[in-house]
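Visitor: I should like to learn how aromatic and nonpolar features are read from a structure. May we work through one case?

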Amino acid sequence: MHALSRRISYFLQSTKGLALLAIAMISIVTAIWGTLSGPMVEWGVKDITVRLLGLDLDPSDREGRIVMLYHSIAMAIVAIEVYFITDIIPMKKHEQNTINATVTAGYLLSMIFGLVFAYFGHNYVFHGLFLVGQTLVFFTGVLLAAALWPWKKEYRLPLDSPYAHTKKGLDLERTAYFVMAVATLGSAMFGAVTGSYWGNGQETFLAEDLIREPIKTALQLAIIGHLHIMLTLIAVALTLIVGRWQDFKGKLHKAAMILMILGTIVITLGVWSVVPYEAQAHTIIYVGSVPVMFSALLFVIFSWDKLIRTGLTERNITKGNFIQKMQALLRDPLRFGVGWQMVFMNFTVSGVGLFMAAKLDEVIRVWSHREERITLTGHWHILSAIVATIILMYFADLAGLKGKARRWFGWILIIGSDIAFASVTVFSLKRLFITEAAQQPLVDMTMLLTDLGLGAVLVVLAAFMLWRLFDLFLKNGRWSQEYTEAGLGEDVELIEAQALPAQAMENKGGQVK
């Protein structure tokens, strides 16, 4: 019983355990619900899943089910980022504990009862619990923003600090986290207001189904803005997190934090203005996107330069040639991959989005509605998946993955995902260079490569999760080490207990031998 309680404590109190639990929940949902679409339908796997689990898949409820599924996964992703932030950003211990406990209860309620309501009969008690979970996640944001308040004196940086700060010592990185948290709270309310009108003037829809509607209601515009800004802010938070991981500092760090703060504010205000000023809002969003993307570029430059310098130093090379520098850069796929995925995103997400905006009337609207819908759907799925791969890279490093296992995990994750994302991009833009009559060989090839790439990612993720699962059955496994590092082990409690009489003796002027 004691062994079980220690493991439960590990999952619910340590940063690594909490993140592992959330990743496991997302993996389970992905594994099960992934059988309901794609080639699994053609192979008959969907029918087996539906019969075994007794899923209610009424076609008229499809949009609602998808919205609930997206929100269930999104709550867990937000929770993972919250765990990382409370772990790496200085704050009081009780603040960290309260924030982590609240967001854990929130995402678990949202994920479990949201999916039960959507796929197992519409019992509105479950929908109510789903909303309770979302409320807790929102309240977590309030607690997090309060804990991140950057103007507290104890969080001021010394004037000679290499990290971004003002002349008075204000920590600009902490300020960027704070701005992101406040923007996320406002953007969540932006969507929640529309949610409050469901059944009273608002019907469930998917944003990609409205792209050809010339006139959209204020509630529809709010939802479209909500889904765009929330994913953007998740990416902003992740950029800040991996910057901390790579020890981002110096002049590039200061420039990047200033750009990130300004860009986040401008993008958020642009999205919020979509309802009253739709035409002007897009221009504001584009203006805000530039500093955010440039901030990420500065991080990539810093991290890759650092990888090269440290790699050459490890080999006692003062000034390496091109091949030696590439070897140094590529020696750690996890640290390299974070920056690479950000660069690769510009070819499969940002570049595609800018092209569609620039050629909307001239090219895109000439296509059929189905083709434009495919491009938009692929666009957002790729961005979400890239965010997921970066989270996995960060957590794999946090979990202590080393040696050959680290390299195999990192390179399969990078190569597999990028093959899939590139294939989807080509598939979605196929009408640019091939007619519908001649498209089938290209479609078959891109779909095959997509399935192989995603399959490789799922296999390597499954191997990683099985390793962590097996480790839980070991008495002195890695989980036990992480349990102790989090200050939860008996050894820590014993040390603290022994320190009490020693401290009392010192206070009395005595000596402890």
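Guide: The following turns treat the nonpolar cores first and the aromatic pairs afterwards. This is a predicted model, in which local features need pLDDT of at least 70, side-chain atom pairs count only at pLDDT 80 or more, and totals for chains, interfaces and linings use all residues. Residues are numbered from 1 along each chain as its sequence is written, and side-chain values use heavy atoms, with hydrogens and water left out.

Visitor: How many residues does the largest nonpolar core have?

Guide: A nonpolar core is a set of buried (under 20% relative accessible area, 1.4 Å probe, protein chains only) Ala, Val, Leu, Ile, Met, Phe, Trp, Tyr and Cys residues joined through side-chain atoms within 4.5 Å. Here the largest has 124 residues, and Phe-84, Leu-148, Tyr-177, Phe-395 and Phe-409 have the most contacts inside it. Helix H9 (residues 218–245; helices are DSSP runs of H or I, at least four residues, numbered from the N terminus) supplies the largest share of this core, 14 residues. Another core, of 6 residues, lies apart from it and includes Met-356 and Leu-429.

Visitor: How is an aromatic pair described?

Guide: A pair of aromatic rings is described by the distance of the centres and the angle of the planes. Rings of Phe, Tyr and Trp (its six-membered ring) pair if their centres lie within 6.5 Å; planes over 60 degrees apart count as edge-to-face. The whole structure holds 20 aromatic pairs. The planes of Trp-245 and Tyr-394 stand at 85°, with centres 5.3 Å apart, so this pair is edge-to-face. The pair links helix H9 to helix H14 (residues 369–398), across 149 residues.

Visitor: Are these two residues buried or exposed?

Guide: Trp-245 is buried at 13% relative accessible area, and Tyr-394 is buried at 4%.

Conventions: Buried means under 20% relative accessible area, exposed over 50%, partly exposed in between (1.4 Å probe, protein chains only). Helices (H or I, at least four residues) and strands (E, at least two) are DSSP runs, numbered from the N terminus. Rings of Phe, Tyr and Trp (its six-membered ring) pair if their centres lie within 6.5 Å; planes under 30 degrees apart count as stacked, over 60 as edge-to-face and the rest as tilted.
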